[in-house]
Amino acid sequence: MRDERFGLLSEVRDRATVPVWSHDGPSAARLLGLGRSAAYEAARNGEMPGVVRIGGAVRVSVPTLLAALGVEQ
């Protein structure tokens, strides 16, 4: 895992969900090394773990995402 993502892990551990993509904060896309379009496509196609739709927002379950990355909580 790249050094950039280690800092992100500390930011997301205490959260229940993160957005699929965010230009200025932690997101599933940044943790997975995906760009915006690829992240939303993966979420839409069921290829991204832990996707949760809340109203119009598409978010990702942090525990599920960390498990998929092989990171212990």
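**View 1. Ser61, a buried residue in strand E3 of a predicted model**. Let's start with Ser61, which sits at 15% relative accessibility; the cut-off for buried is under 20%, so Ser61 makes the list. Ser61 belongs to strand E3. What does Ser61 touch, once its neighbours within four places in sequence are set aside? The contacts are Ala16, Thr17, Gly50 and Val52.

**View 2. The E2 and E3 pair**. Here strand E3, covering residues 57-61, runs antiparallel to E2. The two are joined by 4 bridges. For one spot to look at, try Val51, which has Val60 of E3 standing opposite. As a reminder, the strands of a sheet pair through backbone hydrogen bonds, in either a parallel or an antiparallel way.

**View 3. The whole sheet**. Zoom out a little and there are 3 strands in an open sheet, ordered E1-E3-E2 and paired antiparallel. Which strands are at the edges? Strand E1 (17-19) and strand E2 (51-54) are, each pairing on one side only. From one strand to the next, the twist averages 40 degrees.

**View 4. How confident the predictor is, element by element**. Across the protein chain, pLDDT averages 89, and 90% of the residues score at least 70. Helix H3 (residues 36-44) has the highest mean pLDDT among the elements, at 97. At the other end is helix H1 (residues 3-12), with the lowest mean, 74. A word of caution for any view like this: where pLDDT is low, the predicted coordinates should not be read in detail.

Definitions and conventions
Residues are numbered from 1 along each chain as its sequence is written. This is a predicted model: local features need pLDDT of at least 70, side-chain atom pairs count only at pLDDT 80 or more; totals for chains, interfaces and linings use all residues. Side-chain values use heavy atoms; hydrogens and water are left out. Two strands pair if DSSP finds at least two bridges between them. Axes are lines fitted to C-alpha atoms, for helices over the stretch in contact, and angles run from 0 to 180 degrees between N-to-C directions. pLDDT is the predictor's confidence in each residue, from 0 to 100. Buried means under 20% relative accessible area, exposed over 50%, partly exposed in between (1.4 Å probe, protein chains only). Contact means heavy atoms within 4.5 Å.
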